[in-house]
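Biologist: Please take a close look at a single part of this structure for me, and then place that part in the setting of the whole chain. I would also like to hear about any backbone details that deserve a second glance.

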Amino acid sequence: MLRILLLPVLLALSAHAQTVDTSTLTGKVVCGYQGWFRCEGDGANNGWHHYAAGSKILEPGHAHIEMWPDVSELPKEARVPTPFKHADGSTAEVFSSVHPAAIQLHFKWMRDYGIDGAFIQRFATTTRDKRFREPMDGVLAHCQAAAAANGRGITLMYDLSGIKEGDIQLVIDDWKRLLTEKRLDPKSSSYFKHHGKPLVALWGLGFNDRAPMLEEWSRLITFLGDDPEFGGCAIMLGVPYYWRSLEAKRDTIQDPKLHELIARADIVSPWAVGRFGKPQDAVKNGEKILKPDVEWCAEHKVDYLPVLFPGFSWSNLSKSRGKEAKFDQIPRLGGEFLWSQALAAKQAGAQMLYIAMFDEMDEGTAIFKTDTHPPVGESRFLAEPDLPSDHYLWLTGMLGKLLRGETPDTLPKR
């Protein structure tokens, strides 16, 4: 009888225990969440966006993705049939990111495997076009609801790739609109804070493949940090991997003003994807790059969020652009590559981790459940058939334990 009376209390305590502390990013493992996959007929009117290139339909030989999603846990109405076939002749299905059931399932996986939350990607160049902006607004709304329902945290990340000089105002206008129309609630319990302020991520500062626009970036940082009505935010800056040494021959502009802007941020996050490809490289870079990065950040009172990635491949994406790329360019090695990066980051002094990405199937960096026996035929997809489909979700959860000192440094076995 007593157990029955206490059951609601026990359930409440259990739910509380599963709720992430969103008051700080310290001690957290988060993932980038693209949310950009669209299907013909899903109501977004974006066609097969990110499943197929441009105006092409999704069909064998015309795939934009490198991995095939595992949709077996989705309800039937959230699964979309495609022309692709499995080896047994069954129809291969995908999901649309605008369907709330898909996002709810993804955040449930984050909860089930101990991943603290996600940085929701929002591409600034598409905010000017209502046809793409409205589906992104819908994805953002579903992510907020799913994070709240599953006790996870979210942060909005603006990706400024493709922004031209004079276009920074797009971000300012979009942020104002989201808050004014109550499409985003940065003060909610499921939104990440840092240093007592809602955290906003800005990605793309200082790369040498785009206009520097340092004055415009400065204006954006000032607006988000200090505007009396829309500011008061903590700011994370996504920067090139070689930001500290200003190595233009690699990925960074050679302008010391970049360091001045980074020193104004709360968190700096260097983009590591594709910068190296072996576990031994991760170990070497931990000493050569990450450790000095952390020291610079400590000196300038900026927190450090290293980017980790499980592997990389974009042969289908490259083919859709008329180029050739090696299949399985950076092998995952069953998780050894990802673990080596996390261990190097921890040993360098990092206190938070960013995993690229949760759902990035285009470049083969997704850690969510993917089909271990993907469709066969003209298009080739990454798979590790000897591993369960949830292997990288599980391993990412273990990275959090590694970061917090709750598990040994050696690659864990299931």
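Modeller: Helices, of at least four residues in the H or I state, and strands, of at least two in the E state, are DSSP runs that are numbered from the N terminus. What follows describes a predicted model, in which the chain has 10 helices and 12 strands.

The part I have chosen is strand 4, which covers residues 117-123. Seven of its seven residues are buried, and the strand is therefore largely enclosed by the rest of the structure; the cut-off behind that word is a relative accessible area under 20%. The cover reaches both faces of strand 4, since the buried residues include G117, F119, Q121 and F123 on one side, while A118, I120 and R122 are buried on the other.

The pairing of strand 4 can be followed through two partners. Strand 1, residues 29-33, pairs with strand 4 in the parallel sense over four bridges, and within this pairing C31 has A118 of strand 4 as its bridge partner. Strand 5, residues 153-159, also runs parallel to strand 4, and here the pairing extends over seven bridges; in that case R122 has Y158 of strand 5 as its bridge partner. A118 and R122 are thus each buried, and each has a named bridge partner, C31 for A118 and Y158 for R122.

Turning to the setting, the chain has 414 residues, for which a compact globule would have a radius of gyration near 22 Å, and the value of 21 Å found for the chain agrees with this. Its C-alpha atoms fill a box of roughly 70 × 60 × 50 Å along the principal axes, and 57% of the residues count as buried. Among contacts between residues at least 6 apart in sequence, 74% join residues at least 24 apart. The chain exposes about 17800 Å², of which carbon and sulfur atoms supply 52%, and it carries 48 positive and 53 negative side chains, with the centres of the two sets 1 Å apart.

One example of distant stretches meeting is A265, in the loop between helix 6 (257-262) and strand 9 (267-271). A265 is buried, with a relative accessible area of 6%, and its C-alpha lies 6.1 Å from that of M236, although the two are 29 residues apart in sequence. Beyond its neighbours within four places in sequence, A265 is in contact with I235, L237 and V302.

As for the backbone, most residues other than glycine have a negative phi, and most peptide bonds are trans. Against that background, H50 has a phi near 70°, a positive value in a residue that is not glycine. H50 sits in the loop between strand 1 and strand 2 (80-85), and at 15% relative accessibility it counts as buried. M213 likewise has a positive phi, of about 50°, without being a glycine; M213 is placed in the loop between strand 7 (197-203) and helix 5 (214-226), where its 11% relative accessibility makes it count as buried. Finally, the peptide bond from A356 to M357 is cis, with omega near 0°, and M357 belongs to the loop between strand 12 (353-355) and helix 10 (391-403).

Definitions and conventions
Residues are numbered from 1 along each chain as its sequence is written. This is a predicted model: local features need pLDDT of at least 70, side-chain atom pairs count only at pLDDT 80 or more; totals for chains, interfaces and linings use all residues. Side-chain values use heavy atoms; hydrogens and water are left out. The radius of gyration is taken over C-alpha atoms; the globule rule is 2.2 Å times the number of residues to the power 0.38. Buried means under 20% relative accessible area, exposed over 50%, partly exposed in between (1.4 Å probe, protein chains only). Contact means heavy atoms within 4.5 Å. Accessible areas come from the Shrake-Rupley method with a 1.4 Å probe; for residues, only the protein chains shown count as cover. Lys and Arg count as positive and Asp and Glu as negative; His and the chain ends are not counted. The place of a charge is taken as NZ of Lys, CZ of Arg, CG of Asp or CD of Glu. Two strands pair if DSSP finds at least two bridges between them.
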